[in-house]
Amino acid sequence: MKPLTVRVDTSSPVPPYEQVRLRIADLILGGHLEENDRLPAVRQLAADLGLAAGTIARAYRELESASLVISRTGAGTRVAPRPARSREAQLADAASTYIANGRRVGASDDQLLAAVRIALSSAPSR
């Protein structure tokens, strides 16, 4: 089990369960927690954070609803497998990165499209 760095700000307007949920979701989506990594038991994390067990249970339920974790009686709560991303989603990510880099150097939409056309015309065919 990897150690979790979760902190709760009791003076925040964001409810504690939501702070816990957001932090664990960030750890999962950021790759700091990997598929099948086990999360601390509800009671243990509640004790560590000084929160009620119901608060942590709610955060875990919300994470499970978002398909980020899987809870099994006797097996605890583990990071869920990530679904395979479609080719279209991967291309959209690559395009977003390309656009952001182009914008950083001041390229217009027409210049970005022209650069893609040039790259496509000089790339080997598949």
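## Loops, helix contacts and a hairpin

S67 counts as exposed, because its relative accessible area is 53% and the cut-off for that class is over 50%. Keep in mind that this is a predicted model. S67 sits in the loop between helix 3 and strand 1, and its backbone has a positive phi of about 60° even though the residue isn't a glycine. As background, most residues other than glycine have a negative phi.

N36 is another non-glycine residue with a positive phi, here about 75°. You'll find N36 in the loop between helix 1 and helix 2. With a relative accessible area of 48%, N36 is partly exposed.

Two more loop residues are worth a look, and both belong to the stretch between strand 2 and helix 4. P83 is in that loop, and so is S86. P83 has a relative accessibility of 69%, so it goes down as exposed. S86, at 37%, is partly exposed. For a sense of where they sit, take a partner 20 residues along the chain in each case: from P83 to R103, the C-alpha atoms are 31 Å apart, while from S86 to A66 the C-alpha separation is 19 Å.

Here are the loop residues side by side:

| Residue | Loop | Relative accessible area | Class |
|---|---|---|---|
| N36 | helix 1 to helix 2 | 48% | partly exposed |
| S67 | helix 3 to strand 1 | 53% | exposed |
| P83 | strand 2 to helix 4 | 69% | exposed |
| S86 | strand 2 to helix 4 | 37% | partly exposed |

Now for the helices, with helix 3 as the place to start. Helix 3 covers residues 53-65, and its axis comes within 8 Å of the axis of helix 2, residues 42-49, with the two crossing at roughly 120°. That angle makes helix 2 oblique to helix 3. The handedness of this crossing is right-handed. On the helix 2 side, the contact uses V42, R43, L45, A46 and L49, and these meet A53, I56, A57 and Y60 of helix 3. Sorted by class, the contact of helix 2 with helix 3 has eight nonpolar residues, one charged residue and no polar ones.

Helix 3 also packs against helix 1, which spans residues 16-29; here the angle is about 45° and the axes are 8 Å apart. Helix 1 and helix 3 are therefore oblique to each other. Their crossing is right-handed. From helix 1, the contact draws on P16, Y17, V20, R21, I24 and A25, while helix 3 brings T55, I56, R58, A59, Y60, E62 and L63. The class split for the contact of helix 1 with helix 3 is nine nonpolar, three charged and one polar. I56 and Y60 of helix 3 turn up in the contact with helix 2, and they are also listed in the contact with helix 1.

That leaves the strands. Strand 1 (residues 69-72) and strand 2 (residues 76-79) run antiparallel and are joined by four bridges. Which residue of strand 2 is the bridge partner of S71? The partner is T77. The two strands make a hairpin, with three residues between them. In the turn, G74 has a positive phi of about 85°.

Methods
Residues are numbered from 1 along each chain as its sequence is written. This is a predicted model: local features need pLDDT of at least 70, side-chain atom pairs count only at pLDDT 80 or more; totals for chains, interfaces and linings use all residues. Side-chain values use heavy atoms; hydrogens and water are left out. Axes are lines fitted to C-alpha atoms, for helices over the stretch in contact, and angles run from 0 to 180 degrees between N-to-C directions. Angles under 35 degrees count as roughly parallel, over 145 as roughly antiparallel, 65 to 115 as roughly perpendicular and the rest as oblique. A crossing is left-handed if the near helix is turned anticlockwise from the far one by less than a right angle, and right-handed if clockwise. Contact means heavy atoms within 4.5 Å. Ala, Val, Leu, Ile, Met, Phe, Trp, Tyr, Cys and Pro count as nonpolar, Asp, Glu, Lys and Arg as charged, and the others, Gly among them, as polar. Two strands pair if DSSP finds at least two bridges between them. Buried means under 20% relative accessible area, exposed over 50%, partly exposed in between (1.4 Å probe, protein chains only).
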